[in-house]
Amino acid sequence: MYGYQNKIARVNLTTGKVTYEELPDEVIRKFIGGKGLGYYIIYKEVPPGTDPLSPANKFVFATGGLTGLIPGSSKVIAVSKSPETRLISDSAAGDFFGPKLKGHFDALIIEGKSEEPVYLYVHDGKVEIKDASHLWGKGTYETAQLIWKEHPSASMAMIGPASERLSRIASVIYDTQRASGRGGLGAVLGSKRVKAVVVEPGERPKVAEPEEFQKLWQEYYEKFATDPKYADQRTYGTTSALWWAAEVGMSPSYNFTRPHIPFELADKLAGNEVKKYEVEPEWYIHGKSCPIKCARYVEVEYKGRKIRVKPEYESIAMLGAATGVFDFPAVAYFNWLVNDLGMDSIATGNTIAWLFEMVERGLIGEDEIGFPLKGFGDAEAEERLIKLMAERKGIGAILADGVKRACERLGRGCEFAVHVKGMESPAWDPRGRRTFALSYATADVGASHMRGWPFPHSLPNDGPAKELVPSLIEERDGRYITDMLGVCDFLPYTKEELAHLYSLVTGEEWTLEELRKRAQAVESMARIHNALDWVTPPLDDTIPPRWWEPEPDGPAKGNAAFIDYNDFLEARREFYRLRGWHEELGVPLPETMEKLGLPEFKEDAERALEVVKKRVEANQP
Ligand code: SF4
């Protein structure tokens, strides 16, 4: 098919064999690529119940249907069973790794387990397994420099020491600054002893309608690079988001206890403060990689160390506002540090913020922590904790696998551990936006801000959450579509425009309606797998206790995430109904799978319904 290599590479680390498989057109038509293709492979090849850190789990790097082809389409999607949640999980990342991988394969599957540390070297449509013992134990910055010495034109996905120690919140880092951060997917590579996947540039796949495609490419690039409508995005990227989040009561400040904070405080970590430290090289500003270029390098000096990093909102807000450290150089340094150690900045910040609250409440002290800790705002302690978590030493051994396991290990504080299904909340408190908490409650991977935002913006007390469910579903489909196509969500394409561009690439007629159907199919497929594993939707599609506490002040004062529990249940039921899932059990109906063009999943849907029904009955008093 045009736009694809029509080829998958499979590396079996146990046998040391590499094989190449054709990717059939009918699989592409059903699952598109990226997240869709990755979920399909994991569904088919990794049975529910598989231990994510065992050799039986697999790891997929999948490129999207448009990866590397249109402006702002740099995404690669990492997919595996998450060591943090045991759900099928994906985490997307940008920069050059995805487009380079697309020059060789549509997906790379890594399975089994190597005895010794290795890296995979992808070049000329082949994969070689190479010794990585000289890289094992090293941070990602040093690893990257050593790899670039040998392979100067390559891009790489790599892991840091946190993944090597199987931290369930470890990330995959790309070329030092981008990450597949969520779900602890880095630990899967760590368990397989894969230090890095190194990819040389390859050959871009052919496009079916090159003339029209090239014309549109140019038009979109010019529009996004120059239209004043997107000036704010181009100037600040996501770093101005804390201004808005703090103003409307959606920031994660002080472990989500003060979602509204004054502008002057938010300003210490946002927009112009970040810009003060910007040191963007000319080649980046004027290069043609992305017309928006939201992520910019900053250079800061912190405690005598000069570091360069590309910070964005989630990392700044979770390593700064959530922990109460409103000092940009310190937070930029923490961001650099978690990248070097290979840790999810969201989960790390969330877990440390929780510990700070524990200290403030007098629920833990120096005897258990091992050193004096003041609570929120203690930058010294935050730096120490990040390092201890990556090393699994002292209190770090308790915190290393995220907030849910930390509170369970200590046996206290779970009522203010802010996570869904074991994955930490990102930097958006849903009490400042009606129906948004339902997105967290029903997202495939746990608490993710990338699974749809209901619109228009209003407060939970402004009306029934159910009213905004159709908009959440529209947005949910949109996010799946961009993750299947490999396009960045910050690029202001309409979804109809993406369908048109995809049609020009493939030479086949794609409508938005058809793309939405594929999105719904992939979401339903993941839900069946997760239900056959451990998820009981009526019990697990829920939100943490903190979001039932009304906000203390600001414009959302008095709002919890929903008007009341019944408001939540009605909205959830409506969500299930509109998805074609069982209204009470939250599992896709067999006829829905048929309608979505996946009749081969009907039997599994029936089994999942049975399993969930039994679990619910067993849970009844
Ligand atoms: S908008 Fe930002 S995240 Fe998206 S492709 Fe451009 S630089 Fe990358």
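**Exercise 1.** Which residue in β10 is the bridge partner of Met158?

*Solution.* The model is a predicted one. Start with the two strands: β9 covers residues 155-158 and β10 covers residues 172-174. They pair in the antiparallel sense, over two bridges. The partner of Met158 in β10 is Ile173.

**Exercise 2.** Place β9 and β10 in their sheet and say which strands stand at the edges.

*Solution.* Step one: the sheet is open, has six strands and runs in the order β8-β7-β12-β9-β10-β11. Its pairing is mixed. Step two: β8 (126-131) and β11 (178-180) each have a single partner strand, so one side of each has no neighbour in the sheet, and these two are the edges. Step three: ignoring direction, neighbouring strands are turned against each other by 20° on average.

**Exercise 3.** Which strands of the sheet does helix α4 touch?

*Solution.* Helix α4 spans residues 140-150 and packs on the sheet. The strands in contact with α4 are β7 (118-123), β9, β10 and β12 (194-199). The directions of α4 and β9 make an angle of about 145°.

**Exercise 4.** Describe the pairing of β7 with β8 and the turn between them.

*Solution.* First, the pairing: β7 and β8 are antiparallel and share six bridges. One of the partners in β8 is Asp131, which is bridged to Val118. Next, the turn: the hairpin of β7 and β8 has two residues between the strands. In this hairpin Asp124 takes a positive phi near 50°.

**Exercise 5.** How many cavities of 30 Å³ or more are there, and what lines the largest cavity?

*Solution.* The count is two. The largest cavity has a volume of about 90 Å³. Its lining includes Leu87, Lys421, Asp444, Glu523, Arg527 and Trp581. Helix α24 (residues 512-533) gives the most to this lining, namely four residues. Sorted by class, the lining of the largest cavity holds five nonpolar, two polar and five charged residues.

**Exercise 6.** Which elements give two or more residues to the lining of the second largest cavity?

*Solution.* Begin with the volume: the second largest cavity holds about 70 Å³ of space. Among the residues that line it are Thr235, Tyr236, Val274, Lys275, Cys294 and Pro311. The elements asked for are α8 (231-236) and α12 (271-275). By class, the lining of the second largest cavity divides into five nonpolar, two polar and three charged residues.

Definitions and conventions
Residues are numbered from 1 along each chain as its sequence is written. This is a predicted model: local features need pLDDT of at least 70, side-chain atom pairs count only at pLDDT 80 or more; totals for chains, interfaces and linings use all residues. Side-chain values use heavy atoms; hydrogens and water are left out. On a 1 Å grid over the protein atoms alone, a cavity is a set of points where a 1.4 Å probe fits but cannot get out, and a pocket is an open set with protein on both sides within 12 Å along at least five of seven lines; lining residues have an atom within 4 Å of a point. Grid points are joined across faces, edges and corners, and a volume is the space filled by probe spheres set on the points. Ala, Val, Leu, Ile, Met, Phe, Trp, Tyr, Cys and Pro count as nonpolar, Asp, Glu, Lys and Arg as charged, and the others, Gly among them, as polar. Two strands pair if DSSP finds at least two bridges between them. Axes are lines fitted to C-alpha atoms, for helices over the stretch in contact, and angles run from 0 to 180 degrees between N-to-C directions. Contact means heavy atoms within 4.5 Å.
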